[in-house]
Amino acid sequence: MADRSWDKTGTTDKCMLAMLEDLAPWMAHILSSEITVDTLMEDLDTGVVLCRLANAIQRTGEEFILHNCSIPRKSFPACGVTYKERTAFRGSFIARDNVANFIRWCRELGVSDVVMFETEDLVLHKNEKSVILTLMEVARLSVKFGVEPPDLVRMENEIDQEIEQQPEEIMVEPMVQLKKMQKSHSLDDLVSKGRIFIILKNKMSIVYLALS
């Protein structure tokens, strides 16, 4: 099992752990599989689970676009991801190929290179934080194509709606003001800058605290 000491110390690291705790049940729901926080990164490092996730989102998105003609087809990946499962193990060529295929699909979905992790980051567990941020971005982009979002993305969307509905001069909620001051509507972008600390009390309760 990978060393995950980063999830116990430091504000930003605790935020990453909170994201991980949100992503695991989200992926488990989409894939109808048992995926836990403790084993998530190990489950991902062959690329198989990631490719299955991409294909599940692809199917949902294609059906959503079919019933929503106003959404341009070219705004969504042209097809799903091919992968090999039987011979895939951590660090293998097949695992690297699977992860690379997922990365290509993510770019087609709209994940920018600034956010996107590299193959080595996952296969060799060199940069798990980058993997987590990429998956959060995948979740965010997938919402536009009918995929049910994880709790953090759902709250982010609610905040964005609140910003649109309320005049700037009467917005008093600290999280809303923080997002406007930082000129970002991305919670994980604020996390990466060390501007917010997230506590997941349970699956239905999320608390955001602005840092000074």
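Colleague: Why is Glu-120 called partly exposed?

Modeller: Its relative accessible area is 26%. Buried means under 20%, exposed over 50%, and partly exposed in between (1.4 Å probe, protein chains only), so Glu-120 with its 26% is partly exposed. A word on the background: this is a predicted model, where local features need pLDDT of at least 70 and side-chain atom pairs count only at pLDDT 80 or more, while totals for chains, interfaces and linings use all residues. Residues are numbered from 1 along each chain as its sequence is written, and side-chain values use heavy atoms, leaving out hydrogens and water.

Colleague: Thanks! What makes Arg-96 and Glu-120 a salt bridge?

Modeller: The term needs a side-chain nitrogen of Lys or Arg within 4 Å of a carboxyl oxygen of Asp or Glu. For Arg-96 and Glu-120 the closest N and O atoms are 2.0 Å apart, so the pair qualifies. Arg-96 sits in helix H4 and Glu-120 in helix H5, so the bridge ties together parts 24 residues apart in sequence. Helices here are DSSP runs (H or I, at least four residues), numbered from the N terminus.

Colleague: How many salt bridges does a search of the whole structure find?

Modeller: Seven. Another one of them joins Glu-156 to Arg-140, at 2.5 Å from N to O. Glu-156 belongs to helix H7 (residues 151–165) and Arg-140 to helix H6, 16 residues apart. Together with Glu-137, these two residues are linked in a network of salt bridges.

Colleague: Is Glu-156 buried or exposed, and how do you know?

Modeller: Buried, because its relative accessibility is 3%. Its partner Arg-140 is buried as well, with a relative accessible area of 14%.

Colleague: How do you know that Cys-51 is in no disulfide?

Modeller: A disulfide is a pair of cysteine sulfur atoms within 2.5 Å. The closest cysteine sulfur to that of Cys-51 belongs to Cys-106 and is 9.4 Å away, which is too far for a bond. By this rule the count comes to zero disulfides. Cys-51 is also buried, at 0% relative accessibility, whereas Cys-69 is exposed, with 73%.

Colleague: And what makes the phi of Ser-32 worth a mention?

Modeller: Most residues other than glycine have a negative phi. Ser-32 is not a glycine, yet has a positive phi of about 50°. Ser-32 is in the loop between helix H1 (11–31) and helix H2 (40–44), and is exposed because its relative accessible area is 67%. His-125 also has a positive phi, near 55°, but with 15% relative accessibility His-125 counts as buried.

Note on methods:
Helices (H or I, at least four residues) and strands (E, at least two) are DSSP runs, numbered from the N terminus.
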